[in-house]
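Reader: I'm new to reading structures, and I get lost when I look at everything at once. Please pick one spot, walk me through it slowly, and then link it to the rest of the chain.

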Amino acid sequence: MTLHICHLWPDAFSANGSAGNLRCLSRRLAWRGLEFSVSELPLDAPDEPDWENIDLLYLGSGPVSSSPALRNAVSRLTDGLRTYIENGGVCLAVCEGLELMGKSIDLHGETLPGLGILDMDTVYADRRTVGDYAFDAGEELGILYGFSNRAGLLRTPASLPPLGTILYGTGDREDAAEGVHYRNLYGCHAHGPLLPKNPVLTDTLLLTALRRHDPDFPALVPLDDSPANNARAFIADRLQKH
C-alpha cells in the first residue's frame, strides 16, 4: 500500500517553515518502512487533482492577496475539495492555508473569497501576534506547541470546534481557542513548522489517512521522539517563566 500525499499550491504557500511539515510526514513514514508518494498541485494547474487518490492533503503558509491566479485557483477547487473533506479526507491546513478554508479573508478592507469549506471568516488586525504558544487539543492529541506570527483572526460560530484551548499565548479565535478540527481537517496558525514539535499530531494524521485507505491498518510502530519531546519541554519551560 502506498500513502499518497498532495501538497496544494506549494509555489505560493510554502513559507515560514511550512515545507518542514511535509518533511516530517515523509520521514516518519520512511522510518517505519511505509511506502508513500508526494505530489504537488501548483497554483496555475488547469485541472483538479484526482481526489480519489489523495490520502492526505496539505496546505501551508504564504502571503494571501487578491491576485487573479489565487482567485481562479480557489474557484477551480472549491467543489472537489468540499466533497473530499465531507467524505472524511485527511487535511492539514496551517496559517494562511487554514484561512483559505473559510468563506472569506478581509485584508484590511479588501475581501478575498475563500474555498468555503469551513463556516468561518478571517479578519486581519493592524498588529501581528508573535511568539511561542501552547494549546490543549484534548485527550487524543494532548498539548500542542507552536510559534505564532499572524495578523489573521478567525471569526467562527460556536458550532465549529477548535483544534484546542489556549494554555499559554494568544489563540486565533475570539473564544480563547486555537484553530479548527472539522471531520478529518486539522488547522491552526502554528509556524515553525508545526509537526516536528508535535509527533502525536503527525502520527494521528498519518494513521487516520492510512486507515481511511485500509480500515484494518495496524497501529503505527513507535519511534524515538526524544528530540521532539526535549524541544517541547524547553518551550514549555520558557512559556511558564513568562
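Author: Let's start with a word we'll need all the way through: a residue is buried if its relative accessible area is under 20%, exposed if it is over 50%, and partly exposed in between, using a 1.4 Å probe and protein chains only. By that rule Asp172 is buried, because its relative accessible area is 0%. That's our spot.

Before going on, a bit of housekeeping. This is a predicted model, so local features need pLDDT of at least 70 and side-chain atom pairs count only at pLDDT 80 or more, while totals for chains, interfaces and linings use all residues. Residues are numbered from 1 along each chain as its sequence is written, and side-chain values use heavy atoms, with hydrogens and water left out.

Back to Asp172. You'll find Asp172 in the loop between β9 and β10. Those labels come from DSSP runs numbered from the N terminus: helices are H or I runs of at least four residues, and strands are E runs of at least two. What does Asp172 touch, once neighbours within four places in sequence are left aside? A contact here means heavy atoms within 4.5 Å. Asp172 has contacts with Leu98, Arg150, Gly152, Leu153 and Leu154, and also with Ala177, Glu178, Gly179, Cys188 and His189. Glu40, on the other hand, is 132 residues from Asp172 along the chain, and their C-alpha atoms are separated by 28 Å.

Stay in that loop for a moment. Ala176 sits there too, between β9 (164–168) and β10 (177–178). Buried or partly exposed? Ala176 counts as partly exposed, because its relative accessibility is 47%. Ala176 also has a positive phi of about 55°, although it is not a glycine. Cys95, another non-glycine, has a positive phi of about 55° as well. Cys95 belongs to the loop between β4 (90–94) and α3 (96–99), and with a relative accessible area of 1% it is buried.

One more loop: Trp51 lies between β2 (35–41) and β3 (56–59). Trp51 counts as buried at 13% relative accessibility. Skipping residues up to four places away, Trp51 touches Leu57, Leu77, Gly80, Leu81 and Tyr84. Its side chain also makes a polar contact with the side chain of Glu48, at 2.6 Å. A polar contact is a pair of N or O atoms within 3.5 Å; within protein, one must be able to donate a hydrogen and the other to accept it, and residues adjacent in sequence count only if both atoms are side-chain atoms. Arg238 is 187 residues from Trp51 along the chain, with 42 Å between their C-alpha atoms.

Now the helices. Thr202 lies in helix α5 (residues 199–213), and at 0% relative accessibility it is buried. Its side chain reaches the backbone oxygen of Asn198 at 3.1 Å. Not counting residues up to four places away, Thr202 touches Cys24, Leu25, Arg28 and Leu195. Thr204 is in α5 as well, and is buried with a relative accessible area of 10%. A polar atom of the Thr204 side chain lies 2.8 Å from the backbone oxygen of Val200, and with the same neighbours set aside, Thr204 touches Glu140, Leu141 and Tyr186.

Helix α6 (residues 226–241) holds Ala236, which counts as buried at 11%. Pro227 lies in α6 too, but at 56% relative accessibility it counts as exposed. Pro227 and Lys197 are 30 residues apart along the chain, and their C-alpha atoms are 8.7 Å apart.

Finally, zoom out. The chain comes to six helices and twelve strands. Its radius of gyration is 17 Å, close to the 18 Å that the globule rule gives for 242 residues, so it is as compact as a globular protein of that length. That radius is taken over C-alpha atoms, and the rule is 2.2 Å times the number of residues to the power 0.38. Of the 242 residues, 51% count as buried, and Asp172, where we began, is one that does. Among contacts between residues at least 6 apart in sequence, 67% join residues at least 24 apart.
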